[in-house]
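Please look over the structure shown below, and then follow the report through its charged pairs, its rings, its nonpolar cores and two backbone angles.

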Amino acid sequence: MSNPDKPSILVHCEKSMEKTLFDIKWVPCSARFVVLGNYPRQTGSIQVCELGSSGGITVLSEAEKKESFKCGTFGASSLKKRNFATGDFDGNLRIWDLEKLSGTPLYSTKAHSGIINSIDGVGGLGIGEGPKEIVTGSRDGSVKVWDPRQQDPVACMQPKDGETKRDCWTVAFGHAHNEMDRCVAAGYDNGDIKLFDLKNMSLRWETNVKNGVCCVEFDRKDINMNKLVATVLESTVHVFDLRTQHPKKGFAKLSEKAHVSTVWAARHLPQNRDIMMTLGGNGSVYLWKYHYPSSRVEKDKDEIEMGVAGTLDLLENTALTKQPINSFDWSPDKEGLAACTSFDQCVRVLIVTKLART
């Protein structure tokens, strides 16, 4: 017998864009979203689309740029301006006024010598204490933090001279719960995950999950570190409990097999940090809920506190296409509304039902 309270994942509408798509982000406080990608002639495409009242997707504006876009974020912009920061294949960090896409960017700097694989922002949109900042991770092996008012990075985490430079695939802000504290998590192609403490400018913690890390994300940016999810090439989702760090064992970890393919990303529901969606290389999406243990802390034989991992419950899953789902974004304003892109060159708007009952 089916559970009447079980969530469903429904495709509300979809649109073929006839270009390679890499990222999608909802424009805060609107029914619009931005789609980034590149044309077959290897130029960049940035589109502003709208979910119309009739249920379809309308392209409101579009611009073609010299460099192909890889990733974008609104995280360092105010709600009033809603400017969009992008990273491209040539290593440029740029900020755009979405009302003037055909013009020049509001801000531009040569951030990296290689492709910017990942970008995140904090301090904007009323999320996270402290200044508005952007973090970028690149193929050149470096992770850089930017103040959009300056041309040079305010922090740069990179290998020392002579050390092997690993391709940084993913970055994320977290722990921005007051004016001083802020952390950056970074994942690399060799399975390394590093947690950088920006307050003390130090490496707080690192581990290796044995497979290339496609995505890292804190369950919330603006709270004392709670959980970090990491997805990898070999069909696995890792969840780290960040509340208690053991001096030798680090953070407690839960690992769950998923998708029978690369897990491209995980995205937490803005209205409930314990619910997240993961994206599969086989075209599927999985909806999960994290359950905390009865006690999140226990003591080892030496009476030193260590964390205890919880469990993941698979609420629902569905196949959207046969190609990888490579980006996904929950609407920050409407619970259960989401948009995603895939390598079949389609944008899909999804509705996930009954989330308030889970």
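## A salt bridge between two strands

In this predicted model, the side chains of Lys194 and Glu206 meet in a salt bridge, with a distance of 2.7 Å from N to O. The two partners belong to distant parts of the chain, since Lys194 is in strand β16 (residues 192–197) and Glu206 is in strand β17, 12 residues apart. Their surroundings can be described by relative accessible area: Lys194 has a value of 17% and is buried, whereas Glu206 has a value of 44% and is partly exposed.

## Other charged pairs

How many salt bridges does a search of the whole structure find? The search finds 21 salt bridges, and one of the groups is a network in which Glu14, Asp344 and Arg348 are linked.

Arg182 takes part in a salt bridge with Glu133, where the closest N and O atoms are 2.8 Å apart. This pair also links distant parts of the chain, with Arg182 in the loop between β14 (168–174) and β15 (183–188) and Glu133 in strand β11 (residues 133–138), 49 residues apart. Arg182 is buried, with a relative accessible area of 4%, and Glu133, at 12% relative accessibility, counts as buried too. Besides this charged partner, Arg182 has an aromatic one, for Arg182 lies over the face of Phe173 at 5.8 Å from the ring centre.

## Arg41 and the loop around it

Arg41 forms a salt bridge with Glu64, and the closest N and O atoms of this pair are 2.7 Å apart. Arg41 lies in the loop between β3 and β4, while Glu64 lies in strand β5 (residues 57–65), so the pair ties together parts that are 23 residues apart in sequence. Arg41 counts as exposed at 55% relative accessibility, and Glu64 counts as partly exposed at 39%. The charged end of Arg41 also sits over the ring of Tyr39, 4.7 Å from the centre of that ring.

The loop between β3 (32–38) and β4 (44–51) holds Gln42 as well. Gln42 is not a glycine, yet its phi is positive, at about 65°. Why does Gln42 count as exposed? Its relative accessibility is 53%, and the cut-off for exposed is over 50%.

## Lys354, after the strand β30

Most residues other than glycine have a negative phi. Lys354 is a residue other than glycine whose phi is positive, near 60°. Lys354 is placed in the segment after β30, and with a relative accessible area of 33% this residue is partly exposed.

## Rings that meet

A pair of aromatic rings is described by the distance of the centres and the angle of the planes. A search of the whole structure finds 11 aromatic pairs. In one of them, Trp205 and Phe240 meet edge-to-face, at 5.2 Å centre to centre and with 70° between the planes. Trp205 lies in strand β17 (residues 202–208) and Phe240 in strand β20 (residues 236–246), so the pair ties together parts that are 35 residues apart in sequence. Trp205 is buried, with a relative accessible area of 8%, and Phe240 is buried as well, with a value of 2%.

Trp205 has a further edge-to-face partner in Phe251, at 5.0 Å centre to centre and with 75° between the planes. Here the linked parts of the chain are strand β17, which holds Trp205, and strand β21 (residues 250–257), which holds Phe251, and the two residues are 46 residues apart. Trp205 and Phe251 are both buried. Elsewhere in the model, Phe22, Phe89, Trp264 and Phe343 form one aromatic cluster.

## Nonpolar cores

The largest nonpolar core has 19 residues, and Met277, Leu287, Phe328 and Trp330 are those with the most contacts inside it. Six strands each supply at least two residues of this core, namely β22 (263–269), β23 (272–280), β24 (284–291), β28 (325–330), β29 (337–342) and β30 (346–352). Apart from this core lies another one of 17 residues, including Ala172, Cys183, Ala230 and Leu242.

What is Met277 in contact with, leaving aside its neighbours within four places in sequence? The residues in contact with Met277 are Ile9, Ala265, Ala266, Arg267, Val285, Tyr286, Leu287, Phe328, Trp330 and Val352.

Terms used. Residues numbered from 1 in each chain as written. Predicted model: local features only at pLDDT ≥ 70, side-chain atom pairs only at ≥ 80, totals over all residues. Heavy atoms only, no water. Phe/Tyr/Trp six-rings, centres within 6.5 Å; stacked < 30°, edge-to-face > 60°. Helix = DSSP H or I, 4+ residues; strand = E, 2+ residues; numbered from the N terminus. Buried < 20%, exposed > 50% of the residue type's maximum accessible area, 1.4 Å probe, protein only. Lys NZ or Arg CZ within 6 Å of the ring centre and 35° of its normal. Core = buried A, V, L, I, M, F, W, Y, C linked by side-chain atoms within 4.5 Å. Contact = heavy atoms within 4.5 Å. Salt bridge = Lys/Arg side-chain N within 4 Å of Asp/Glu carboxyl O.
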